[in-house]
Amino acid sequence: MNYNRCGKSGLLLPQISLGLWHNFGSVDNFENAEKIAREAFDKGITHFDLANNYGPIPGSAETNFGKILKNNFHGNLRDEIVISTKAGYGMWPGPYGDWGSRKYLLSSLDQSLKRMNIDYVDVFYSHRFDPETPLEETMGALDYAVRSGKALYAGISNYNAEQTQEATTILKQLGTPCIIHQARYSMFDRWVEAGLLDVLEEKGVGLIAFSPLEQGLLTDKYLKGIPENSRASKPNSFLNPKNITPEKIQKIIQLNSIAIERNQSLAQMAVAWLLKDKRVTSVLIGASSVNQLLNNIDSLNHLNFSQEELLAIENILKH
């Protein structure tokens with residue numbers, strides 16, 4: 001595992017980080033989640049990414065991760081891992097459990113620390129821009145979280161280029177620079193390339209990409225359509241079956257052919273493709289099993305692309 005500098009900060013993150021969005025909640029098998037986290041650390045994944053509402057039920061991923069920490073990361077091992085959490089989406093009913101107010105963000109951070117039974121997180125994010133709250137208030141809450149010792153670094157997530165420009169400027173003026181931006185980024189979702197990556201480079205902020213496999217689309221699961229028991233076949237899934245068009249399946253088939261020529265799975269190539277850009281500090285993967293985790297880590301065995309491969313991929317994605 002290699003470690004990349006996060007923007008212009010002193011923090012190094014592994015090229016692949018483990019996200020606990022799925023598979024670590026109260027509805028999931030705890031022993032399996034624990035095995036995944038242990039194996040990830042043993043393979044050099046030092047960064048574990050959470051949010052207050054990860055589950056289901058909301059909060060349960062943090063509770064389970066707290067148990068994993070207690071069982072496996074004793075003593076100084078806490079100093080060898082990076083734990084991040086976020087607040088910004090709906091967490092509890094009423095007017096104070098959503099969006100970007102100072103009251104919500106700081107209350108949520110306190111709750112997250114209690115659930116994980118830790119004194120601080122390494123990175124605390126504003127999970128989304130709040131159009132109704134002054135950005136100075138939201139960024140002021142992140143600044144306070146760092147100054148209070150409850151977080152070591154501040155980050156933002158799901159902010160567009162203009163919002164990021166303003167947020168990072170405010171944080172720099174406060175003396176707590178934004179070091180990381182977490183954004184959805186994959187071969188099929190390239191919105192960050194339309195300005196955001198340039199802002200991050202200018203401001204010295206690292207990008208950590210989530211949903212690199214487009215909720216499983218960029219794997220060999222969908223080469224013949226939507227299989228039973230896939231994420232797209234489940235109700236309330238983030239992956240809408242309507243988005244799996246014949247044209248998209250054709251692209252998946254063509255991309256898979258390039259991956260095979262590279263001796264990679266399509267999923268491995270999709271992760272490697274993101275890491276080719278030096279502005280991408282780390283790629284967040286999810287895993288439902290140790291085998292899936294190891295398969296994703298094997299992306300790192302072949303990160304280089306020839307110009308011919310990049311052009312072929314670009315032609316597939318653009319048409």
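1. Tryptophan 99 of this predicted model lies in the loop between E5 and H3, where its phi is near 70 degrees, a positive value in a residue other than glycine. Its relative accessible area is 34%, so tryptophan 99 counts as partly exposed. Asparagine 23, in the loop between E3 and H1, is another residue other than glycine with a positive phi, in this case near 75 degrees. Most residues other than glycine have a negative phi, and most peptide bonds are trans, and a reviewer may therefore wish to look at such places one by one.

2. The loop between E4 and helix H2 (60-72) holds proline 56, and isoleucine 57 is found in that loop as well. The peptide bond that leads from glycine 55 to proline 56 is cis, with omega near -10 degrees, and the bond that follows, from proline 56 to isoleucine 57, is cis too, with omega near -10 degrees.

3. As to the overall arrangement, eight strands form a closed barrel in the order E3-E4-E5-E6-E7-E8-E9-E10, and their pairing is parallel. From one strand to the next the twist averages 30 degrees. Helix H3 packs on this sheet, where it touches strand E5 (82-87) and E6, and its direction makes about 140 degrees with that of E5.

4. Strand E3 (residues 16-19) has Ile16 and Leu18 pointing one way and Ser17 and Gly19 the other way, and all of these residues are buried. With strand E10 (residues 280-285), E3 pairs in the parallel sense over three bridges, and within E10 it is isoleucine 285 that stands opposite leucine 18. E3 also runs parallel to strand E4 (residues 47-49), to which two bridges join it, and here the bridge partner of glycine 19 is aspartate 49 of E4. The path from E3 through helix H1 (residues 30-42) to E4 makes a right-handed β-α-β unit.

5. Phenylalanine 41 belongs to helix H1, and with a relative accessible area of 18% it is buried, the cut-off for that class being under 20%. Beyond its neighbours within four places in sequence, phenylalanine 41 is in contact with Thr46, Phe48, Phe73, Leu77, Glu80 and Ile81. Serine 60, on the other hand, is 19 residues from phenylalanine 41 along the chain, and the C-alpha atoms of the two are separated by 21 Å.

6. Further round the barrel, strand E8 (residues 178-184) has six of its seven residues buried, so E8 is largely enclosed by the rest of the structure. E7 pairs with E8 in the parallel sense over four bridges, with alanine 154 standing opposite cysteine 178 in E8, while E8 and strand E9 (residues 206-210) pair, again in the parallel sense, over five bridges. In the latter pairing, arginine 184 has phenylalanine 210 of E9 as its bridge partner. Each pairing has its helical connection: E7, H5 and E8 make a right-handed β-α-β unit, and E8, helix H6 (residues 196-203) and E9 make a right-handed unit of this kind as well.

7. Helix H4 (residues 135-147) has 13 residues, which at 1.5 Å a residue should span 18 Å, and because its end C-alpha atoms are 18 Å apart, the expected span and the model agree. The buried residues of H4 are Leu135, Thr138, Met139, Gly140, Ala141, Leu142, Asp143, Ala145 and Val146, and what covers them includes helix H3 (102-116), strand E6 (121-126), strand E7 (151-157) and helix H5 (161-174). Just after H4 comes glycine 149, which takes a positive phi of about 85 degrees.

8. Among the helix pairs, helix H7 (residues 246-261) and helix H10 (residues 307-318) have axes that come within 10 Å and cross at roughly 175 degrees. Angles over 145 degrees count as roughly antiparallel, and H7 and H10 are therefore roughly antiparallel to each other. The contact is made by Lys251, Gln254, Leu255 and Ile258 on the side of H7, and by Ala312, Ile313, Ile316 and Leu317 on the side of H10.

Key: Residues are numbered from 1 along each chain as its sequence is written. This is a predicted model: local features need pLDDT of at least 70, side-chain atom pairs count only at pLDDT 80 or more; totals for chains, interfaces and linings use all residues. Side-chain values use heavy atoms; hydrogens and water are left out. Buried means under 20% relative accessible area, exposed over 50%, partly exposed in between (1.4 Å probe, protein chains only). Two strands pair if DSSP finds at least two bridges between them. A crossover is right-handed if, with the strands pointing away from the viewer, the path from the first strand over the helix to the second runs clockwise. The expected span of a helix is 1.5 Å times one less than its number of residues. Contact means heavy atoms within 4.5 Å. Axes are lines fitted to C-alpha atoms, for helices over the stretch in contact, and angles run from 0 to 180 degrees between N-to-C directions. Angles under 35 degrees count as roughly parallel, over 145 as roughly antiparallel, 65 to 115 as roughly perpendicular and the rest as oblique.
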